[in-house]
Amino acid sequence: MKTKNFNLLFYLKKVKGYESGNLPIYLRISVDGKRSEATIGRGIEPEKWDEKRGKARGNTEDARSLNAHLDSILAKLKRIHTHLLDSEEEIFVDTLRNELD
């Protein structure tokens, strides 16, 4: 069974009482309008985050390392999605999220 929509998004999530410092980075997985969100276990200062790209800004070692980590998560999820499509299994957002862990 093929899905109509499959989307991945990294974003920052503000926590209550936030004043400064790192914010947690979250991953949103969407499949056919159903979403699942989870933290990736990393954080970044909002000034160093590019919302449009969903990645760290700059060329520092920290930014390159974080962006490489984000790219590896995206690649892994795309491989899982492709495997499920090739197996003709129905794809659920929770399946993708659980396979990532």
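The questions and answers below concern the secondary structure, helix packing and ring contacts of a predicted model.

Q: In what order do the elements of the protein run from the N terminus on?
A: In this predicted model, the protein has two helices and five strands. Its C-alpha atoms fill a box of roughly 45 × 30 × 25 Å along the principal axes. Read from the N terminus on, the order of the elements is β-β-β-β-β-α-α.

Q: Why are H1 and H2 described as oblique to each other?
A: Helix H1 spans residues 61-86 and helix H2 spans residues 93-100, and their axes come within 10 Å. An angle of 65 to 115 degrees would count as roughly perpendicular and one over 145 as roughly antiparallel. The axes of H1 and H2 cross at roughly 130°, and the two helices are therefore oblique.

Q: Is the crossing of H1 and H2 left-handed or right-handed?
A: The helices in question are H1, residues 61-86, and H2, residues 93-100. The crossing of this pair is right-handed.

Q: Which residues in H2 are met by residues in H1?
A: From H1, the contact draws on Ile73, Lys76, Leu77, Ile80, His81 and Leu84. By class, the contact between the two helices has six nonpolar, two polar and two charged residues. On the H2 side, the residues met are Thr95, Leu96, Glu99 and Leu100.

Q: Over the ring of which residue does the charged end of arginine 28 sit?
A: The charged end of lysine 13 sits over the ring of tyrosine 26, at 4.8 Å from the ring centre. For the charged end of arginine 28, which lies 4.8 Å from the centre of the ring beneath it, the residue is tyrosine 11.

Technical notes. Residues numbered from 1 in each chain as written. Predicted model: local features only at pLDDT ≥ 70, side-chain atom pairs only at ≥ 80, totals over all residues. Heavy atoms only, no water. Axes fitted to C-alpha atoms, helices over the stretch in contact; angles between N-to-C directions. Helix = DSSP H or I, 4+ residues; strand = E, 2+ residues; numbered from the N terminus. Parallel < 35°, antiparallel > 145°, perpendicular 65-115°, else oblique. Left-handed = near helix turned anticlockwise from the far one by under 90°. Contact = heavy atoms within 4.5 Å. Nonpolar A, V, L, I, M, F, W, Y, C, P; charged D, E, K, R; others polar. Lys NZ or Arg CZ within 6 Å of the ring centre and 35° of its normal.
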